[in-house]
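Reader: I have a structure open and I'd like to go through it with you. Can we take it piece by piece?

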Amino acid sequence: MKEITSVVMFKESIQKPTIAMFTAGWCPDCHFIAPHLPEIEDMHNDYQFVSVDRDQFIDLAVDYDVMGIPSFIAFDRGEEIGRFVSKDRKTKEEIDTFIRGL
């Protein structure tokens, strides 16, 4: 998963099919799902996956109404095409189902 290092990089990334995971270093649910992310990426190689540190890019989080983390937002051509957000800990299966449903 490519780590976003600037707003410009984020805006360029979402021009093609992208799953953006908003995360933070202190987030236990983010650490829980992290070991499964390479497999999820392999299962959905028609998308690029990027990681956005919510604390580092708080303005992006506000712009995209990211209130909880981890949040998964799908983009294509710069537009949001789907989002998976819940207050519960996310599983590999739930993330896979979300992406398949896009």
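**Working through the model**

Author: Start with Glu 12, which lies in helix 1. Helices (H or I, at least four residues) and strands (E, at least two) are DSSP runs, numbered from the N terminus. This is a predicted model: local features need pLDDT of at least 70, side-chain atom pairs count only at pLDDT 80 or more, and totals for chains, interfaces and linings use all residues. Residues are numbered from 1 along each chain as its sequence is written, and side-chain values use heavy atoms, with hydrogens and water left out.

Reader: OK. Does Glu 12 count as buried or exposed?

Author: Glu 12 counts as exposed, because its relative accessibility is 55%. The cut-offs are under 20% relative accessible area for buried and over 50% for exposed, with partly exposed in between (1.4 Å probe, protein chains only).

Reader: And what separates the C-alpha atoms of Glu 12 and Arg 77?

Author: They are separated by 9.4 Å, although the two residues are 65 apart along the chain.

Reader: Where does Arg 77 lie?

Author: Arg 77 lies in the loop between strand 4 and strand 5 (79-84). That hairpin has two residues between the strands, and Arg 77 takes a positive phi near 55 degrees there. Arg 77 counts as exposed because its relative accessibility is 67%.

Reader: Why mention a positive phi at all?

Author: Because most residues other than glycine have a negative phi. Asp 65 is another case, with phi near 50 degrees. Asp 65 lies in the loop between helix 4 and strand 4, and at 52% relative accessibility Asp 65 counts as exposed.

Reader: What else is in that loop?

Author: Pro 70 is in the loop between helix 4 and strand 4 too. The peptide bond from Ile 69 to Pro 70 is cis, with omega near 0 degrees. Most peptide bonds are trans.

Reader: Switching to the sheet. In what order do the strands come?

Author: The order is 1-3-2-4-5, in an open sheet of five strands with mixed pairing. Two strands pair if DSSP finds at least two bridges between them. Strand 1 and strand 5 are the edge strands, each pairing on one side only.

Reader: Which ones run parallel?

Author: Strand 1 (residues 2-3) and strand 3 run parallel, joined by two bridges. Strand 2 (residues 18-23) and strand 3 run parallel as well, with six bridges. Glu 3 stands opposite Ser 51 in strand 3, and Ala 20 has Val 50 of strand 3 as its bridge partner.

Reader: And the antiparallel pairs?

Author: Strand 2 pairs with strand 4 in the antiparallel sense over five bridges, with Met 21 opposite Phe 72 in strand 4. Strand 4 and strand 5 are also antiparallel, over five bridges. There, Asp 76 stands opposite Glu 79 and Ala 74 has Gly 82 as its bridge partner.

Reader: How many residues of strand 3 are buried?

Author: Five of the six residues of strand 3 (residues 48-53) are buried, so strand 3 is largely enclosed by the rest of the structure. Strand 4 is mostly covered, with five of its six residues buried.

Reader: Which residues touch the most other members of the largest nonpolar core?

Author: Phe 10, Ile 19, Phe 22, Val 52, Tyr 64, Phe 72 and Ile 99, out of 32 residues in that core. A nonpolar core is a set of buried Ala, Val, Leu, Ile, Met, Phe, Trp, Tyr and Cys residues joined through side-chain atoms within 4.5 Å.

Reader: What is Phe 72 in contact with?

Author: Leaving aside neighbours within four places in sequence, the contacts (heavy atoms within 4.5 Å) of Phe 72 include Ile 19, Leu 37, Phe 84 and Phe 98.

Reader: Last thing, Ile 33. Is that one buried or exposed?

Author: Ile 33 is buried, because its relative accessible area is 0%. Ile 33 lies in helix 2. Leaving aside neighbours within four places in sequence, Ile 33 is in contact with Met 21, Lys 90, Thr 91, Lys 92 and Ile 95. The C-alpha atoms of Ile 33 and Pro 70 are separated by 8.9 Å, with the residues 37 apart along the chain.
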